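Student: I would like a close look at one part of this protein, with the surrounding elements brought in where they help. Please take it slowly and keep the reasoning explicit.

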Amino acid sequence: MVEAHESLDYEYALDHDCTTLSRHVFQQLQSFSADAQDLSALMSRIALAGKLIARRLSRAGLMEGALGFTGSENVQGESVKKMDVYANEVFISVFKQSGLVCRLASEEMEKPYYIPENCPLGRYTLLYDPIDGSSNVDININVGSIFAVCQQEGEDLDGTASDLLQSGRKLLAAGYILYGPSTMLIYSIGKGVHAFTLDPSLGEFILSSENIRMPDHGPIYSANEGNFWQWDESIRDYIRYVHRHEGYTARYSGALVGDFHRILFQGGVFLYPGTVKKPEGKLRLLYETAPLAFLAEQAGGRASTGTQDILDAVPDKLHARTPLIIGSKEDVALVESFIHERSRQAIAAH
């Protein structure tokens, strides 16, 4: 009996230790169809990009020209970091020869990058933020990459990528890579949220948490309170509420991926509201808020602009922005309740 028990333990350990990302996609889809093979290959390419970026980040402080600014601005008018450029080029290079995607659309590029030779076959588009939280790169604090995959609709003959202007409900897959003490890849293809940790000795992402569920309520609220007086009064009402009630803890790193990762596992809410001057906020719908909203909903959480679900928001341009309230269901609903109350008061006053 002892021998049988030991053998079962060994088999379980071996199976658990060997669940790679590509294998997991096939298990999720319970199929080896062409679509399943495409998704598995897409995830493997995204993982390769993550490994290359992680390697560069781990040595960035020792490498000439890896840190700091390039001196140019991106389409958003933000100063571009050298790591932003490197990471953006990594995603392009790993997909160029893949035959999988026809277009890559990134926060760092004004227009999508087309790979014409892939277009007859690769009917997918990769949407991504190559380095999220790049202000943290130079000081060696958590950063991440955010990605989503959608099906190309139509031929896009005019090169406007207008079919990308659709709600996040159409996404086939979404996730992020977190570059921290260990490199993690979190993904969903609409069948729950799963976490993989990079094992450097194998050079593989290995399954570390399956079917992650976000708690319905958590103690953490994550927001840049330096913007307090630029926010709408309803958001200030919420912040005053958590200041006055026990059981809340503030955690904010300045990197969306890191802050969301904490809330995914521990519960709570992340806020990046608009300001009075810029009510649309700072975060991009296609590259940041929709992919994370997809994950949040798959994990039993929610994501809202304050007035509608993020996944129902339809962008009017490639780089459209939205406010973001994301996290545990009850905590997102609480923030929304302050917004609804203020709008109710405004209507009553008129």
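Student: Before we turn to the sheet and the salt bridges around it, is Cys150 buried or exposed?

Tutor: In this predicted model, Cys150 is buried, because its relative accessible area is 2%, under the 20% cut-off. Cys18, by contrast, counts as partly exposed at 37% relative accessibility, and the count of disulfides comes to 0. As a frame for what follows, the protein has 8 helices and 17 strands, and 52% of its 350 residues count as buried.

The part to look at closely is an open sheet of 5 strands with mixed pairing, in the order β12-β11-β13-β17-β15. At its edges stand β12 (249–250) and β15 (302–304), each with a single partner strand, so one side of each is left without a neighbour in the sheet. The partner of β15 is β17, to which 3 bridges join it in an antiparallel arrangement, and within this pairing Arg302 has Gly327 of β17 as its bridge partner. Helix α7 (residues 285–298) packs on the sheet, where it touches both β15 and β17, and its direction makes about 25° with that of β17.

Following β17 (324–327), the chain reaches Ser328, which is found in the loop before α8 (329–349). Ser328 counts as buried, at 0% relative accessibility, and, leaving aside neighbours within four places in sequence, it is in contact with Met214, Pro215, Asp216, His217, Gly218, Gly267 and Gly268.

Salt bridges, of which the count comes to 16, add links between separate stretches of the chain. Glu297 forms one with Arg169, the closest N and O atoms being 3.0 Å apart; Glu297 lies in helix α7, while Arg169 lies in the loop between β6 (143–151) and β7 (173–179), 128 residues apart. Both residues of this pair are partly exposed, Glu297 at 27% relative accessibility and Arg169 at 42%.

The side chains of Glu107 and Arg284 also meet in a salt bridge, at 2.7 Å from N to O, and this pair too links distant parts of the chain, with Glu107 in the loop between β3 (101–106) and β4 (113–114) and Arg284 in strand β14 (residues 283–284), 177 residues apart. Here each partner is buried, Glu107 with a relative accessible area of 5% and Arg284 with one of 2%.

Note on methods
Residues are numbered from 1 along each chain as its sequence is written. This is a predicted model: local features need pLDDT of at least 70, side-chain atom pairs count only at pLDDT 80 or more; totals for chains, interfaces and linings use all residues. Side-chain values use heavy atoms; hydrogens and water are left out. Helices (H or I, at least four residues) and strands (E, at least two) are DSSP runs, numbered from the N terminus. Buried means under 20% relative accessible area, exposed over 50%, partly exposed in between (1.4 Å probe, protein chains only). A disulfide is a pair of cysteine sulfur atoms within 2.5 Å. Contact means heavy atoms within 4.5 Å. Two strands pair if DSSP finds at least two bridges between them. Axes are lines fitted to C-alpha atoms, for helices over the stretch in contact, and angles run from 0 to 180 degrees between N-to-C directions. A salt bridge is a side-chain nitrogen of Lys or Arg within 4 Å of a carboxyl oxygen of Asp or Glu.
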